[in-house]
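Please study the sequence and the structure shown below, and then work through the exercises in order.

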Amino acid sequence: MNAPLLIDAHHHLWDLSQRPQPWLDDPAVASIRRTFTPEDLRSTATHPVAGRRLHGTVVVQCIAEVAETEDLLALAEREPLIQAVVGWADLTSPAVGDVLDKLLAGPGGRQLRSLRHLVQGETDPNWLQRPDVERGLGAARDRGLRYDVLVRDHQLDQAIRLAERFPDLPQVLDHAGKPDIARQDIAGWERRLRQLAGHPHVVCKVSGLITEADHSRWTTADIRPVWDVLVSAFGPERLMFGSDWPVANLAGGWNRWAATVDELLTGWSDGDVHALLAGTATAFYGLGPAAASDATTRATT
């Protein structure tokens with residue numbers, strides 16, 4: 001039997017010598033203003049979760065540039081750790097279909113599985129419902145792509161409407177919709193999240209939570225109320241583990257988050273553990289043959 005897998009379904013990489021990341025100019029993120037490579041992740045991510053060690057990853061775009069997505073796809077083609085890429089294309093462009101076709105046909109194009117836009121930075125409360133955006137989402141759907149939804153807790157109504165209007169577009173909520181853990185103000189987030197979870201084609205990443213908490217003082221007890229809501233709303237079979245590394249370094253890093261998840265999984269069945277740590281990500285992103293083989297093995301034993 002294959003060793004049980006751990007898939008990190010959400011992390012970032014950047015090489016500042018090749019492509020600037022303007023968001024890193026913010027003094028608040030000065031500690032991660034350097035290049036991060038797959039080898040950095042491989043050497044950093046050492047803490048096992050439920051006895052599992054990192055096997056594969058999904059790398060996610062950071063900036064609104066097609067060129068960055070091309071970089072990530074080319075990297076994924078030569079880096080076995082990376083099993084899928086979440087890229088960016090301008091959903092508002094009439095030419096978005098042509099852009100996607102070029103990405104899919106280019107180096108590493110078979111690794112492009114999903115698109116993402118930083119909706120969290122958009123001031124339009126209906127950005128995801130704009131006609132030009134919906135046209136772009138339709139182009140992604142028609143090419144077999146998924147969509148990563150990046151919104152803050154107060155923007156979850158957009159995600160709910162997206163789920164209603166695109167029942168045939170697989171969607172994943174990044175960072176659980178960014179609940180306000182630092183202020184322990186999650187009631188509005190919980191109400192919207194449960195409504196979103198009522199749409200079975202939407203899954204959720206358990207990622208980015210520690211950076212929504214107090215970066216220097218958070219404990220597992222701060223994370224647990226959000227964790228419990230996610231498990232209750234989506235169930236393990238619709239949740240996937242993600243680190244949000246190296247952004248997670250702002251609040252403790254990959255290994256501390258892995259240790260926290262390991263603690264939160266105490267008492268879970270093997271099947272539920274597998275779903276959250278590998279199975280959901282494998283199914284949603286259509287990951288590589290090793291992951292698929294492991295999922296099949298575990299489903300039949």
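The exercises below concern aromatic rings, a charge over a ring, and pockets.

The model is predicted: local features need pLDDT of at least 70, side-chain atom pairs count only at pLDDT 80 or more, and totals for chains, interfaces and linings use all residues. Residues are numbered from 1 along each chain as its sequence is written, and side-chain values use heavy atoms, with hydrogens and water left out.

**Exercise 1.** Determine how W14 and W23 are paired, and classify the accessibility of each residue.

*Solution.* Step 1: rings of Phe, Tyr and Trp (its six-membered ring) pair if their centres lie within 6.5 Å; planes under 30 degrees apart are stacked, over 60 edge-to-face, and the rest tilted. By this rule there are six aromatic pairs.
Step 2: one of them joins W14 and W23, with 5.3 Å from centre to centre and 90 degrees between the planes, so the pair is edge-to-face.
Step 3: buried means under 20% relative accessible area, exposed over 50%, and partly exposed in between (1.4 Å probe, protein chains only). W14 has 3% relative accessibility and is therefore buried, whereas W23, at 30%, is partly exposed.

**Exercise 2.** Establish which parts of the chain the pair of F36 and W245 links.

*Solution.* Step 1: F36 and W245 form an edge-to-face pair, 5.3 Å centre to centre with 85 degrees between the planes.
Step 2: helices (H or I, at least four residues) and strands (E, at least two) are DSSP runs, numbered from the N terminus. F36 lies in the loop between β1 (6-11) and α1 (38-44), and W245 in the loop between β8 (239-241) and α8 (254-264). The two residues are 209 residues apart, and the pair links distant parts of the chain.
Step 3: F36 is buried because its relative accessibility is 3%; W245 is buried as well, at 1%.
Step 4: ring pairs link W14, W23, F36 and W245 into a cluster.

**Exercise 3.** Which residue has its charged end over the ring of W218?

*Solution.* Step 1: a charge sits over a ring if NZ of Lys or CZ of Arg is within 6 Å of the ring centre and within 35 degrees of the ring normal.
Step 2: the residue is R256, whose charged end sits over the W218 ring at 3.7 Å from its centre.
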